[in-house]
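Could you walk me through this structure with a few exercises? I am new to it and would like to see each solution worked out step by step.

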There are 2 protein chains.
Amino acid sequence: MLILTVTPNLALDITYEVPRLIPGATHRVSRVRQRAGGKGVNVARVLRALGATPVIAGLAGGPTGTAIRAELAEAGFADALTPIAGESRRTVTIVSELDTEPTMCTEPGPAVSLAEWANLRARFAETVARADVVVLSGSLPPGVPEDGYAQLIGTARDLGTRTVLDTSGPALLAGLAARPDVVKPNAAELRAATGIDEEIEAARALARNGTAVVASFGPGGLLAVTDLGTWRARPPRPLAGNPTGAGDACVAALALGVANRASWPNTLVKAVAASAAAVVCPVAGQIDLATYEHLLADVVLEELDAAHPHR
Amino acid sequence: MLILTVTPNLALDITYEVPRLIPGATHRVSRVRQRAGGKGVNVARVLRALGATPVIAGLAGGPTGTAIRAELAEAGFADALTPIAGESRRTVTIVSELDTEPTMCTEPGPAVSLAEWANLRARFAETVARADVVVLSGSLPPGVPEDGYAQLIGTARDLGTRTVLDTSGPALLAGLAARPDVVKPNAAELRAATGIDEEIEAARALARNGTAVVASFGPGGLLAVTDLGTWRARPPRPLAGNPTGAGDACVAALALGVANRASWPNTLVKAVAASAAAVVCPVAGQIDLATYEHLLADVVLEELDAAHPHR
C-alpha cells in the first residue's frame with residue numbers, strides 16, 4: 001500500500017530539554033532532539049506504524065532542508081522532495097520537567113518561487129500514478145498559489161489516484177473546488193470555511209460534488225458526511241495526553257481506509273482509535289499501537305442519517 | 001595585519017523575534033536572524049571593524065556547520081575551518097519588545113574525535129606561520145584534550161607567532177602551562193584559576209613565565225600584570241547596554257596591540273574603549289566605532305607598579 005504524503009511547508013522540529021524555562025535567562029540545553037516535521041511527515045510516520053509504505057513529497061532547501069532530508073533517510077523514509085533555494089523553516093520546542101506545557105517557536109518559512117512550485121508539480125505527476133492515495137497536508141508556504149492543492153488534486157484525479165486534503169483557510173476553500181475525495185477540517189476550520197456554527201449543517205455545506213467531509217472535534221470524535229451516509233464516531237472516554245498530532249493520525253487512518261476501499265464505519269472507527277492512540281504519545285507522528293488495537297473494539301459509532309445506502 | 005582566531009566550539013547563533021515570550025505557549029516568530037557565533041567569531045568581527053584581517057579557524061560539521069560556513073562566506077570572512085562528523089551546536093535567543101532581557105538556549109555541541117582534533121592541529125600549523133598573532137577563544141568541545149590550547153600555543157611559538165588565550169577552567173590552566181603571550185580571564189575565571197580573591201594578587205599568581213595577564217572586571221575595567229608593569233584601565237563612566245561580547249571586543253583590541261607591538265598603556269586604553277563600544281551594541285561581535293573613537297581620549301589609566309621599566 002503506497003501512500004504519497006505532500007507537505008509543502010516541511011520543517012525541522014527541534015526539541016530542547018531544559019531544567020526549567022525562565023524568560024530572560026540563559027539555559028544550557030541538556031538534550032537536543034531533532035526530526036523532520038510538518039503535518040504530512042507526521043501522517044507518514046503514523047502510516048508506517050499502521051503497516052503502509054509512505055513516500056514523502058514537499059519542498060526543502062538550505063542547510064535545514066539538508067537536515068530534514070538526512071533525518072528522513074536515517075528514519076528509513078523514501079522521499080520525493082523538491083529542492084528550493086530558500087532555507088526550510090525550523091520549529092523549536094522547549095520542554096522541561098517542571099513546566100507542564102511545552103513552549104514553542106515556529107519560524108515563518110521561506111518564500112517559494114513559481115518555478116520551484118512547478119518543479120514540485122512535475123515531481124508529483126511522476127510519483128502520484130504509483131500511489132494508492134495521496135494525502136495533502138498543512139499550510140502552503142508564501143509564493144505557492146492559493147489553488148496549489150487544487151492543482152495537485154486535479155493531477156491526481158487525471159491519473160486515477162484518490163486524495164485526502166487537510167488544510168485550512170484559502171488553501172482549503174480553493175482545494176475543495178477541485179473535489180478531493182476526503183477533507184478533514186477540525187471544528188475551527190469547518191466553521192471558518194462555512195460560516196456555519198451547527199456542525200452537521202456545516203459539514204453538509206462542504207460535502208458537495210462527491211467530497212466526503214470528516215470533521216474532527218478533539219475528544220468529541222469525528223463527524224462524517226459522505227455520499228454513503230452520515231456518522232458520528234467517538235472514543236469511549238477522553239484520553240489524557242498531547243493532542244498535537246492527533247489530527248495527523250486521524251488523516252493517516254482515513255487515507256488507509258480510502259486506499260483499502262474500506263467501509264466508512266470501519267474507516268471511522270480506525271480513525272478515532274488512531275487519533276486517541278496519538279494523544280497518549282508525547283510526540284506528534286507517534287501512535288501507541290496497544291492503545292490503538294484496544295480502542296478498535298470500544299469506539300462508539302452512531303449512524304445519523306440512514307436515508308442513504310452505505311457499506 | 002593577519003590575525004588567526006581559533007574557536008573550537010563554533011556555533012550557529014539564531015535569534016527569534018516574538019511579540020512576547022510566554023512559557024507554555026506557541027509563538028509565531030516574526031523575524032529570524034542567524035549568523036556564525038562562538039567567542040572567536042565575535043573577536044574576528046571586531047577585528048575587522050578595527051581594520052585588521054581575521055582568519056577564522058575551528059571545527060564545524062553537519063548541516064549546522066554548513067550554515068555556519070555559508071554565513072561566514074556571505075559576511076566576507078576567510079575561514080580555515082576543519083570539518084567534523086558531528087553536528088555543530090546552535091544557540092537560540094528569543095527577544096521581544098515586551099521582555100527586557102533575551103531568553104537563550106545553548107546546545108551542548110558535538111563530541112569531537114581525536115582524529116578530527118589532529119586535523120585541526122595540522123590545519124592550524126599550516127596557517128599560523130602567516131599570522132601576526134593567534135587568538136584562542138572559548139570552551140573546548142567534548143573529546144578535545146584538556147591541553148588542546150597548550151598544543152596550539154606550542155605550535156605557534158615554534159613558528160614565531162604570538163598568542164592570546166581567552167578560556168576558562170581546565171582549558172585555561174592547561175593552556176597557561178604552554179606560556180601564551182596574553183591571557184584574559186574575567187573576575188570569576190581569575191578567582192577560579194587561582195583560588196585568590198584579591199585581584200592584583202590573583203593576577204600576579206597567573207602572570208608567570210612571561211605571560212601577561214589582562215583581567216577584565218566588566219564596568220570596573222581591566223587590570224594588567226605584565227613583565228613591563230602593572231596597570232588598571234577603566235571607562236570614564238559605566239555604559240548601559242548588552243555586556244555580551246564585551247570580553248571578545250577586549251580580546252580583539254589586545255590581539256591588535258600584540259600584533260602591532262604597541263605599548264601596554266596604548267593597548268589597554270584601546271581594549272577598554274573597544275569593550276565599552278561593544279556594550280552599547282545589541283549584538284555580540286559588534287562595536288560602535290564612534291563610541292570607540294570617542295572613549296580613546298577618556299579612558300582612565302593608572303600605573304600601579306613602577307618598579308619595572310615600561311613605555
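Below are five exercises on this predicted model, each followed by its solution.

**Exercise 1. The relation between the chains**

Task: Find the rotation and shift that superpose chain A on chain B, and the residue of chain A that comes closest to the rotation axis.

Solution:
- Step 1. Start with the superposition: chain A falls on chain B after a rotation of 180° with 0.0 Å of shift along the axis, and the RMSD is 0.0 Å.
- Step 2. Name the relation: this is what a two-fold axis does.
- Step 3. Look along the axis for the residue of chain A that comes closest; A:Pro63 does, with its C-alpha at 2.4 Å.

**Exercise 2. The side of chain A that touches chain B**

Task: Work out how many residues are in contact between the two chains, and which elements of chain A supply them.

Solution:
- Step 1. Count a pair as a contact when the C-beta atoms lie within 7 Å. By this rule, 26 residues of chain A are in contact with 26 residues of chain B.
- Step 2. Sort the chain A side by element. At least two residues each come from strands S2 (11-18), S3 (26-28), S7 (89-96) and S8 (103-106), and from helix H2 (62-74) of chain A.
- Step 3. Pick out the largest share: H2(A) provides it, with five residues.
- Step 4. Sort the residues of this side by character: 15 are nonpolar, seven polar and four charged.
- Step 5. Compare the two chains. The copies meet through the same surface, because 100% of the interface residues of chain A are also interface residues in chain B.

**Exercise 3. A sheet with strands from both chains**

Task: Trace the open sheet that contains S3(A) and S8(B), and find which strands stand at its edges.

Solution:
- Step 1. Read the order of the five strands: S3(A)-S8(B)-S7(B)-S2(B)-S4(B), with mixed pairing.
- Step 2. Find the edges. S3 of chain A and strand S4 (31-37) of chain B each have a single partner strand, so one side of each has no neighbour in the sheet.
- Step 3. Note the turn between neighbouring strands, which is 15° on average when direction is ignored.
- Step 4. Check the pairing between the chains: S3(A) and S8(B) run parallel and are joined by three bridges. Here A:His27 has B:Cys105 as its bridge partner.
- Step 5. Go on to the pairing within chain B. S7(B) and S8(B) run antiparallel, with four bridges between them, and B:Thr91 is opposite B:Thr106.
- Step 6. Add the helix: H2 (residues 62-74) of chain B packs on this sheet and touches S2, S4 and S7 of chain B, at about 85° to the direction of S4(B).

**Exercise 4. The sheet of 10 strands in chain B**

Task: Give the strand order of the open sheet of 10 strands in chain B, then look at its pairings and at the helices that go with it.

Solution:
- Step 1. Follow the order S6-S5-S1-S9-S10-S11-S12-S13-S14-S15 of chain B, where the pairing is mixed.
- Step 2. Mark the edge strands, S6 (78-84) and S15 (300-305) of chain B, each of which pairs on one side only.
- Step 3. Look at a parallel pair: five bridges link S9(B) and S10(B), and B:Ser137 stands opposite B:Asp166. In S10(B), four of the five residues are buried.
- Step 4. Look at an antiparallel pair: S13 (residues 222-226) and S14 (residues 229-234) of chain B share five bridges, with B:Ala224 opposite B:Trp231.
- Step 5. Place helix H9 (residues 264-279) of chain B, which packs on the sheet against S13, S14 and S15 at about 25° to S14(B).
- Step 6. Place helix H8 (residues 246-260) of chain B, which lies across S1, S9, S10, S11 and S12 and runs at about 165° to S10(B).

**Exercise 5. Two domains and one helix in chain A**

Task: Describe how the domains of chain A touch, and decide whether H1(A) is mostly covered or mostly open.

Solution:
- Step 1. Set the bounds: domain 1 spans 1-166 and domain 2 spans 181-311 of chain A. Their C-alpha centres are 22 Å apart.
- Step 2. Count the contact: 21 residues of domain 1 and 22 residues of domain 2 take part.
- Step 3. Find the elements on the domain 1 side that give two or more residues: helix H1 (39-49), strand S9 (133-137) and strand S10 (162-166) of chain A. H1(A) gives the most, eight residues.
- Step 4. Turn to H1(A) itself: nine of its 11 residues are buried, and the helix is mostly covered. Among the buried residues are A:Lys39 and A:Arg45.
- Step 5. Finish just after H1(A), where A:Gly51 has a positive phi of about 100°.

Terms used: Residues numbered from 1 in each chain as written. Chains lettered and ligands numbered in written order. Predicted model: local features only at pLDDT ≥ 70, side-chain atom pairs only at ≥ 80, totals over all residues. Nonpolar A, V, L, I, M, F, W, Y, C, P; charged D, E, K, R; others polar. Pairing = 2+ DSSP bridges. Domains from an automatic or database assignment. Buried ≥ 20, exposed ≤ 12 C-beta atoms within 10 Å, placed from the backbone. Least-squares fit on C-alpha atoms with pLDDT ≥ 70 in both. Axes fitted to C-alpha atoms, helices over the stretch in contact; angles between N-to-C directions.
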